[in-house]
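Student: I have a model open and a list of labels for its parts. Can we go through what each label rests on?

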Amino acid sequence: MSASVALGTAPPPADGPEVTVEPFVRSGGDGRSTLHLMVEGVHCGGCVRTIERALLADPAVEHARVNLSTRRLVVGWRGGPGLGGRIAATVERAGFRAVPYDPDQLRGADEVRDRQLLRALAVAGFAAGNVMLLSVAVWAGAFQDMGPATRSLMHWFSALIALPAIAYAGRPFFGSAFDALRHGRTNMDVPISLAVVLAGSMSLFETIRHGEHVYFDSAVMLLFFLLIGRYLDHRARGQARSAAERLVALERGFVTVLDAAGVRHAVPAADVAPGATVLAGAGERIGVDGAVIAGAGEVDTSLITGESVPERVAPGSRVFAGTLNLGAPLRIAASAAGDGTLLAEIVRLMEAAEQRRARFVVLADRIARAYAPAVHSLALITFLAWWLVLGAAWQVALLYAIAVLIITCPCALALAVPAVQVIASGRLFRSGVLLKSATALERLAEVDHVVLDKTGTLSLGRPTLAAVEAVPEDDLRLAAGLAGGSRHPLARALAAQVPDAPAAEGVAEVPGQGLRLGLPDGEIRLGSRAFAGPPGEAPEDDRLELWLARPGAAPRRLAFGDRLRDDAAPTLRRLEALGLEVEMLSGDRRPAAAAVAKALGIDHWSAGRSPADKVARLEALGAAGCKVLMVGDGLNDAPALAAAHVSISPSSAIDISQNTADAVFQGDRLMPVALTIEVARRARRLIRQNLALALAYNLITVPLAMAGLVTPLIAALSMSASSLLVVGNALRLQLRGQP
Amino acid sequence: MSNLVILIPIALGLGLVGLLAFLWALRSGQYEDLDGAAERILFDDDDDRPPARRGRR
C-alpha cells in the first residue's frame, strides 16, 4: 500500500491524524519551534544540500540540518507549530519523503548509553595505550637489567593510570554483572568483571610488594577490546528505529453523528452506538465500521486492506473504520465502533502474535550461557590445584587463576559477533535496507520460506497510469497540468507521470467529481466518467479511470492500475535460487491475485485472506518447522509480520508495519529482500568462523594459563592477536562482491 | 632515572590532552554525523558548526 498514509502524500487535507506533523513540533518558550523528521532517500551530500537549501530559502526557517548517518533532519523556525505542515511540504517538494518522529523516544535510554559507552571506550583506549607504553618498557627492561626500583616506578605509574580507568570504563560491565548476580544468574559480564577487578587488585598488591608481574595492561586492554565490541553491538541495534506508533491516534477523534431529527453531533468515535447514522465528509477518515446508506463515491481502504487503489462504494457497501472517504459525503449506518471495529481487531491480533513469537536467543547468548560457568570453574580449579595440590603460595595460585580469567576473557568472542553485525548492517544500510532488530540477521539467515503480500509488496501499491504510450503527448501534459493542484490519488499519479508539465492556472476542484478549467474557447474537465466522460456508456473494464474532456475533441480515457515492481520477477527467481519456497498471500480478490501469480510465476498463492487467515497460515507453516520470512506492508499484514519468524516491510508501509517488521527496505525495487537474505547468510557464515577462531584460541591458551606459563606479555600478545584476527575476518564481508 | 621522572609525565600529559580533546569533541556533537561531515567539507556555503553546540547556546 501506500505512500498515502505517509506524511504529506496523504490524499486529502486535514483530518487524517497521520497527516498532521503539528503534534511532533516542539515549541520553545521564545516563539521558536523545532521539528524532527526522518527523511528517506538521502544518500549523498547533494541530497543534504538540496534539502537544507530548500528549507533555508523559507524566511521563517532559522536552521535546518540533515544528519546523513541517521537520515534525520532537524528544522528550527521562528513561529508556531502551525508552520510544521509547510516545512514538511517543502521537504516533500524537494523530492524526499519525510516522517516526523519524537526525538525523546529515540534519545532516552539509547543515546545516553551510546555516549556512555563511547566515553568509556575513549578512557579505556587512553589507558590501554599508556599502560602498554610502560609495560613495554618493563618487558624490554627484563632483558636489559632494569633495576627493581625502576620497575616498581613503572608499575606505580601503570597503577595510577589503570585503576581510575578500570573504575570508570568498567562500569558498563560491573553494572550488568551486579544485576545478573543479584538475580541469581550469571552472564558474560560476570567473568569479565571478575577478571578485571581481580587483575586490578592483585596487580596493586604485587606493585606494593615490588613483585615482578603485574596485569594492569591486560586488564585495561581487555576493557578496551570488550568496549569496542559492546559499542559496535550497540550501534548495530540502534541503527534504524521507526517513528512512534501512531495507529492508536486513528481510534481517537470525533465522528459526526446525525440524530433522528437530522441534527449533527460530534461524538467520540468509541462512543458511537451501533445503528447510529454517521456522516463522513469528503476527505474525512471514517470512524466506525458500517454500511453505506446514502451517497456514493470512492473510499481509500489502504490502511485496512493494503489496497491502494480506492474502492468504489454505493448504498449497501460495507465500510471500515480507518478508511478514508475520498468522494462525496457518505451516510453510514454504524455497526461497530471503538474496540469492536476491524481496525481494533487487527491491533489485538498483532499484539497477540507478538507475544506468541518465541523468544529468540541469539547464538552469542547461547554460547555465553555455557561459557561463563566454564570459565569460572576453570579459574577455580587452577587456583585450588596450585594452592592445595601443588603447594604453591596462595598469591601465586591466585595469580595463575587470574591469568586463566584474563586469557579466557571473551575478547575475541565479544568482537566475533558484533563486528560482523555492524559491517553487515552498514552494508545493507547503503543498499537501502534498515535493520531494526539486533537478532534479525541471525533469523534472516535461517529462513527457508518466503511469504509475500501482493499489493504494495510485489506491486508498487499506488496507482500508476496504464498504457501511457496510447495517450497523445499533448493530452497527457494538459491533464497532468490540471491534476497538479489536486491531492486525489489518481490526480497525483497523473501529475507524477509528467513531472515537468506546466501547472494550469485557475483550476477549480469539484469535490468528488473532478477538476475544471475555464478557458475562452470552452471548459476543460478532468474527472470521473459522470463528470467528464462520454454520456451513457458503461465502463469496459473495472480499472480506475479519469476522463479528460476538452472543447472540440472526444473525451479521452486515462486508465490506472497498480504496477508490479520492475524487478519483482527476477527477485523471486533469485529467492528460489537461494533455496527458498516462495508463497503469495493476498487480501485481494482472486482474479487480481491470480493475474499477479501468473505474471510472476508463483506456484503457491492464495487470495482473499483476512489478517487472521494470514496469521493462521504463518502459524501453520511455523508449526510445520518452516522458518518463514514475511514481506508485507499494510495494516492487514501487521499481525502476520509479527507472527513470522522474521519480517521485512517496504518503507512505503504504514508505520505500524514498519514498527513490527525486523527490517525495512527503501525504494521501488524488491531486490533488497533477496540481498538481505544473502548478506545475512554470509554474515552467519562469518560469525560461525569467528566463533570457531575464538574457541580455537582458547583451546590453545587456556592450558598454558592453567600451567602457569602465561606472563603478562604473552597474555597481551595473544589477546590482541585473536581480536585482530576476528575483526579482520569480519571485514571480509565488505570486500567481496558489491551487488 | 631522573629523565624518566620528566619524560613519563610528559607522555602521560600529552595522552591526557588527546583524551580530553576527544571528550570535548564528543560533547560538542562532532560525532553525531560522521558521514555527513565527510560530505559537508565540499559545500561552499556550509555552516560548519555542529548542531548540538548550536542547540545549547
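Tutor: A residue counts as buried if 20 or more other C-beta atoms lie within 10 Å of its own. Keep in mind that this is a predicted model.

Student: What makes strand 26 of chain A mostly covered?

Tutor: Strand 26 spans residues 646-650 of chain A, and five of its five residues are buried. Val646(A), Ile648(A) and Pro650(A) point one way from the strand, Ser647(A) and Ser649(A) point the other way, and all are buried.

Student: How do you know that strand 25 and strand 26 of chain A are joined?

Tutor: Two strands pair if there are at least two bridges between them. Strand 25 (residues 628-631) and strand 26 of chain A have three bridges and run parallel, so by the cut-off of at least two they pair. Within strand 26 of chain A, Val646(A) is the bridge partner of Leu629(A).

Student: Why is helix 5 of chain A called oblique to helix 6 of chain A?

Tutor: The axes of helix 5 (residues 171-182) and helix 6 (residues 189-208) of chain A cross at roughly 120 degrees and come within 8 Å. Angles of 65 to 115 degrees count as roughly perpendicular and those over 145 as roughly antiparallel, and the rest here is oblique. The crossing angle therefore makes helix 5 of chain A oblique to helix 6 of chain A. The crossing of these two helices is left-handed.

Student: Which residues of helix 5 and helix 6 of chain A meet?

Tutor: From helix 5 of chain A come Phe173(A), Phe174(A), Ser176(A), Ala177(A), Ala180(A) and Leu181(A), and from helix 6 of chain A come Asp189(A), Val190(A), Ile192(A) and Ser193(A). By class, the residues of this contact are seven nonpolar, two polar and one charged.

Student: What makes helix 4 of chain A roughly antiparallel to helix 6 of chain A?

Tutor: The axes of helix 4 and helix 6 of chain A cross at roughly 150 degrees and come within 10 Å. Angles over 145 degrees count as roughly antiparallel, so helix 4 of chain A is roughly antiparallel to helix 6 of chain A. This crossing is left-handed. In helix 4 of chain A the residues in the contact include Trp156(A), Ala159(A) and Leu163(A), and in helix 6 of chain A they include Val196(A), Gly200(A) and Leu204(A). The contact has seven nonpolar, five polar and no charged residues.

Student: Why are strand 11 and strand 13 of chain A said to stand at the edges?

Tutor: The open sheet concerned has three strands in the order 11-10-13 (chain A), with antiparallel pairing. Strand 11 (311-313) and strand 13 (324-325) of chain A each have a single partner strand, so one side of each is left without a neighbour in the sheet. Strand 10 (residues 297-300) pairs with strand 11 of chain A over three bridges in the antiparallel sense. Gly297(A) has Val313(A) in strand 11 of chain A as its bridge partner.

Student: Which strands are the edge strands in the sheet ordered 17-22-21-20-19-18 (chain A)?

Tutor: That open sheet has six strands and antiparallel pairing. Strand 17 (459-465) and strand 18 (507-510) of chain A each pair on one side only, and these are the edge strands. Neighbouring strands of this sheet are turned by 20 degrees against each other on average, direction ignored. Inside the sheet, strand 19 (residues 514-519) and strand 20 (residues 522-527) of chain A pair over six bridges, and Leu515(A) stands opposite Leu526(A) in strand 20 of chain A.

Student: Where does helix 16 of chain A lie?

Tutor: Helix 16 (residues 473-483) of chain A lies across strands including strand 18, strand 19 and strand 20 of chain A, running at about 80 degrees to strand 20 of chain A. Among the buried residues of helix 16 of chain A are Leu478(A), Gly481(A) and Leu482(A). The buried residues of this helix pack against helix 17 (489-497) of chain A as well as strands including strand 21 and strand 22 of chain A.

Student: How many residues are in contact between chain A and chain B?

Tutor: 24 residues of chain A are in contact with 21 residues of chain B. Helix 3 of chain A supplies the largest share of the chain A side, nine residues. That side divides into 13 nonpolar, seven polar and four charged residues. Chain B has three helices and zero strands, and 4% of its 57 residues count as buried.

Note on methods: Residues numbered from 1 in each chain as written. Chains lettered and ligands numbered in written order. Predicted model: local features only at pLDDT ≥ 70, side-chain atom pairs only at ≥ 80, totals over all residues. Axes fitted to C-alpha atoms, helices over the stretch in contact; angles between N-to-C directions. Helix = DSSP H or I, 4+ residues; strand = E, 2+ residues; numbered from the N terminus. Parallel < 35°, antiparallel > 145°, perpendicular 65-115°, else oblique. Left-handed = near helix turned anticlockwise from the far one by under 90°. Contact = placed C-beta atoms within 7 Å. Nonpolar A, V, L, I, M, F, W, Y, C, P; charged D, E, K, R; others polar. Buried ≥ 20, exposed ≤ 12 C-beta atoms within 10 Å, placed from the backbone.
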